[in-house]
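Subject: A structure for you to look at

Hi there,

Here is the structure I promised you. Please open it next to this email and turn it around as you read.

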Amino acid sequence: MAKKELLYEGKAKSVYGTDNPDELIAVFRDDITAFNGEKKDQFSGKGVYNATVSAFFFSMLEEKGIKTHFIGMIDERTMLVSKLKMIPLEVIGRNRAAGSLVKKFPFENGQVLNPPLVVTDYKNDERGDPPICDDIIYALGLLTPEELKEVREMALKINKILFEFFDKLGLVFVDFKIEFGRLGDEIVLGDEISMDSMRLWDKETGESFDKDVYRFGKGDVMSAYGRVVEKIEEWKRQN
Ligand code: C5P
């Protein structure tokens, strides 16, 4: 599938048109950013790690009945996806309190959240991705109440699948961000599922294996991401 015009340049992915108007090519670049782009770097191979992990999870979720935009890999950092009409919401799931939740509300870092939380931010860099409540989602016409219910249910199902998977790898699936889009009249999972958009803690030591390593200078982010990829590869060999 030939890459055509550049349609969108995100912080870590570039999206191109293809010969097929219903499909896009997403290239996972080696860029990494934090704090809404204030901190940025490039690490050789980072895009490959995130593309590999995203493809693995999209396939796993599809097998379990979750519709995603994933079609296949073109090379190790390039994904062919269905063209979605993206919904500008960051859907955030949380199994433990961390990050902005602990900053904004009186939770202890690491506090177990049972049942897990699903909250939404409005995806808009200029406005700093503000939290958005259900009534504003409806008033902006982003989703109907029925669609929001469906999105929340999908997020909870995805959370359960990923939580149980990471538990087997000895990792706590602390929280994550996913994005959805419309494909015809269906709502399907888009964007990516990678270490850039989740928190993963070692079950025993609490060590981070995610973007917090980069955000807070906690060590070598490429070793942390590489360790997640290795753990997935080990799991694949045994299953
Ligand atoms: O920063 P906060 O604690 O709200 O993030 C919750 C989860 O969502 C984290 O795993 C974080 O990496 C992810 N996230 C993201 N992109 C954003 C905001 C949060 O991937 N713009």
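Below is what I found in it, going from the two domains to the helices, the ligand and a few unusual spots in the backbone. Please keep in mind that this is a predicted model.

**The two domains**

The domain assignment splits the protein into domain 1, residues 5-82, and domain 2, residues 86-220. Their C-alpha centres are 18 Å apart. Where they touch, domain 1 contributes 18 residues and domain 2 contributes 21 residues. On the domain 1 side, E4 and H1 are the elements that give two or more residues. H1 has the largest share of that side, with seven residues. By type, the domain 1 side holds nine nonpolar, six polar and three charged residues.

**Helix H1**

Since H1 came up at the domain contact, let's look at this helix next. H1 has 18 residues, and at 1.5 Å a residue they should span 26 Å; the end C-alpha atoms are 26 Å apart, so the expected and actual spans agree. Which residues of H1 are buried? They are Lys46, Gly47, Tyr49, Asn50, Ala51, Thr52, Val53, Ser54, Phe57, Phe58 and Leu61. After H1 comes Gly65, which has a positive phi near 90 degrees.

**Helix H6**

Helix H6 covers residues 221-238, and its 18 residues should span 26 Å at 1.5 Å a residue; the end C-alpha atoms are 26 Å apart, which agrees. Val221, Ala224, Tyr225 and Val228 are the buried residues to find in H6. Seen down the axis of H6, the buried residues fall within an arc of 100 degrees, so they line one face of the helix. What do they pack against? Their partners are strand E4 (31-34), helix H1 (46-63), strand E14 (198-202) and helix H5 (212-215). On the other side of H6 you will find exposed residues: Ser223, Glu230, Glu233, Glu234, Arg237 and Gln238.

**Helix H4**

Helix H4 takes in residues 145-168. Its 24 residues should span 34 Å at 1.5 Å a residue, and the end C-alpha atoms are 35 Å apart, which agrees. The buried residues of H4 are Val151, Met154, Ala155, Ile158, Asn159, Leu162 and Phe166. H4 is followed by Gly170, and the phi of Gly170 is positive, near 80 degrees.

**Around the ligand**

Which residues come nearest to the ligand? Of the 14 residues around it, they are Gly99, Ser100, Asp175, Lys177 and Ser197. Strand E9 (89-96), helix H2 (100-104), strand E11 (171-178) and E14 are the elements that give two or more residues to this shell. E11 provides the largest share, three residues. Sorted by type, the shell has five nonpolar, three polar and six charged residues.

**Unusual spots in the backbone**

Before the examples, a general point: most residues other than glycine have a negative phi, and most peptide bonds are trans.

Two residues here have a positive phi without being glycine. Asn36 has a phi of about 50 degrees, and this residue sits in the loop between E4 and strand E5 (39-42). Asp191 has a phi of about 55 degrees, and its place is the loop between strand E13 (186-189) and E14.

Are these two residues buried or exposed? Asn36 has 11 other C-beta atoms within 10 Å, and 12 or fewer counts as exposed, so Asn36 is exposed. Asp191 has 23 C-beta neighbours inside 10 Å, and the cut-off for buried is 20 or more, so Asp191 counts as buried.

There is also a cis peptide bond, which joins Asn114 and Pro115 with an omega of about 5 degrees. Pro115 is in strand E10, residues 112-122.

**One last residue**

Finally, have a look at Ile136 in helix H3, residues 134-139. Ile136 has 13 other C-beta atoms within 10 Å, which falls between the cut-offs for exposed and buried, so Ile136 is partly exposed. Tyr122 is 14 residues away from Ile136 along the chain, and their C-alpha atoms are separated by 9.6 Å.

Happy exploring, and do write back with any questions!

Best wishes

Technical notes:
Residues are numbered from 1 along each chain as its sequence is written. This is a predicted model: local features need pLDDT of at least 70, side-chain atom pairs count only at pLDDT 80 or more; totals for chains, interfaces and linings use all residues. Helices (H or I, at least four residues) and strands (E, at least two) are DSSP runs, numbered from the N terminus. The expected span of a helix is 1.5 Å times one less than its number of residues. The arc is that of the directions from the helix axis to the C-beta atoms. Two residues are in contact if their C-beta atoms, placed from the backbone, lie within 7 Å. Domain bounds come from an automatic or database domain assignment. Ala, Val, Leu, Ile, Met, Phe, Trp, Tyr, Cys and Pro count as nonpolar, Asp, Glu, Lys and Arg as charged, and the others, Gly among them, as polar. A residue is near a molecule or strand if its C-beta atom, placed from the backbone, lies within 6 Å of it.
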